[in-house]
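Dear colleague,

Please find below the structure that I am handing over to you. My notes on it follow directly after the sequence and the coordinates.

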Amino acid sequence: MIERTLVLIKPEGVYRALIGKVITTFEDAGLKIVGIKMVRPDKDLAGKHYAADEEWLTSVGRKTKESAQKKGIEIKESEIEIGNRVRNMLLAHLTSGPVIAIALEGNEAIYVVRKLTGGTEPRSADPSSIRGRYGLDSYEMGDLKGRPVRNVVHASEDAKAAKKELSLWFKDSELVDYHRADEEHIY
Ligand code: ADP
């Protein structure tokens, strides 16, 4: 099923001049760019993107705790406390510099883009994924330095998030329908 999803190249990806490599990864897989722009997000946009949704805050905390447990590190904060702390760091980070917003279209685009993006923590992300290939950061390093994990890209988690995030970052008129020259060889 053809879907659309949102990718953000976070400030570290722009500063490290990884824009081309990230875009090529998605284009090479057959995904079509239907919207793209560079933005310096304000607090309102960043706050809506990383909304203080209890389920998401808890899931951020849970993933962080699970990773720590595997390394034998004990975290005293509750999942929701971790989630809130990480959210504050994410808002500061996203508003601190340039971000590339990309709307991608393709068969099962949400799943495929998350697969190509890789796990949250570059240190343990699949080495062939964007986060595994272009990073080595960890939760602990992020927490130690008081900043979010530097994992270069954001990708919408599911269909609900993709719909919400696309409408936050793009107006309808900024999303363009066109035919990719190799489409009949991809599908
Ligand atoms: P994903 O981006 O893989 O969907 P999450 O939604 O769980 O992951 O987290 C959002 C972002 O918050 C991550 O991409 C990462 O940059 C950052 N992050 C998550 N957990 C932590 C943490 N414990 N410490 C620092 N940054 C974190």
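**Trp56, its helix and the ligand**

Beyond its neighbours within four places in sequence, Trp56 is in contact with Tyr50, Ala51, Arg87 and Leu90. Please bear in mind that this is a predicted model.

Trp56 belongs to helix H4. Its C-alpha atom is separated by 7.6 Å from that of Gly83, although the two residues are 27 residues apart along the chain.

Helix H4 (residues 54–70) also meets helix H5 (residues 79–94): their axes come within 7 Å and cross at roughly 100°. Because angles of 65 to 115 degrees count as roughly perpendicular, H4 is roughly perpendicular to H5. On the H4 side, the residues that make this contact include Trp56, Leu57, Val60 and Thr64, and on the H5 side they include Gly83, Val86, Arg87 and Leu90. Sorted by class, the contact of H4 with H5 comprises seven nonpolar, five polar and five charged residues.

Turning to the ligand, 17 residues surround it, and the closest are Trp56, Thr120, Arg131, Asp143 and Asn151. An N or O atom in the side chain of Trp56 is 2.9 Å from an oxygen atom of the ligand. For Lys63, a polar side-chain atom lies 3.0 Å from a ligand oxygen atom. The side chain of Thr64 has an N or O atom 2.9 Å from a nitrogen atom of the ligand. On its own the ligand has 540 Å² of accessible area, and the protein covers 98% of it.

Trp56 thus appears both in the contact of H4 with H5 and among the residues closest to the ligand.

With kind regards

Key. Residues are numbered from 1 along each chain as its sequence is written. This is a predicted model: local features need pLDDT of at least 70, side-chain atom pairs count only at pLDDT 80 or more; totals for chains, interfaces and linings use all residues. Side-chain values use heavy atoms; hydrogens and water are left out. Axes are lines fitted to C-alpha atoms, for helices over the stretch in contact, and angles run from 0 to 180 degrees between N-to-C directions. Helices (H or I, at least four residues) and strands (E, at least two) are DSSP runs, numbered from the N terminus. Angles under 35 degrees count as roughly parallel, over 145 as roughly antiparallel, 65 to 115 as roughly perpendicular and the rest as oblique. Contact means heavy atoms within 4.5 Å. Ala, Val, Leu, Ile, Met, Phe, Trp, Tyr, Cys and Pro count as nonpolar, Asp, Glu, Lys and Arg as charged, and the others, Gly among them, as polar. A residue is near a molecule or strand if one of its heavy atoms lies within 4 Å of it. A polar contact is a pair of N or O atoms within 3.5 Å; within protein, one must be able to donate a hydrogen and the other to accept it, and residues adjacent in sequence count only if both atoms are side-chain atoms. Accessible areas come from the Shrake-Rupley method with a 1.4 Å probe; for residues, only the protein chains shown count as cover.
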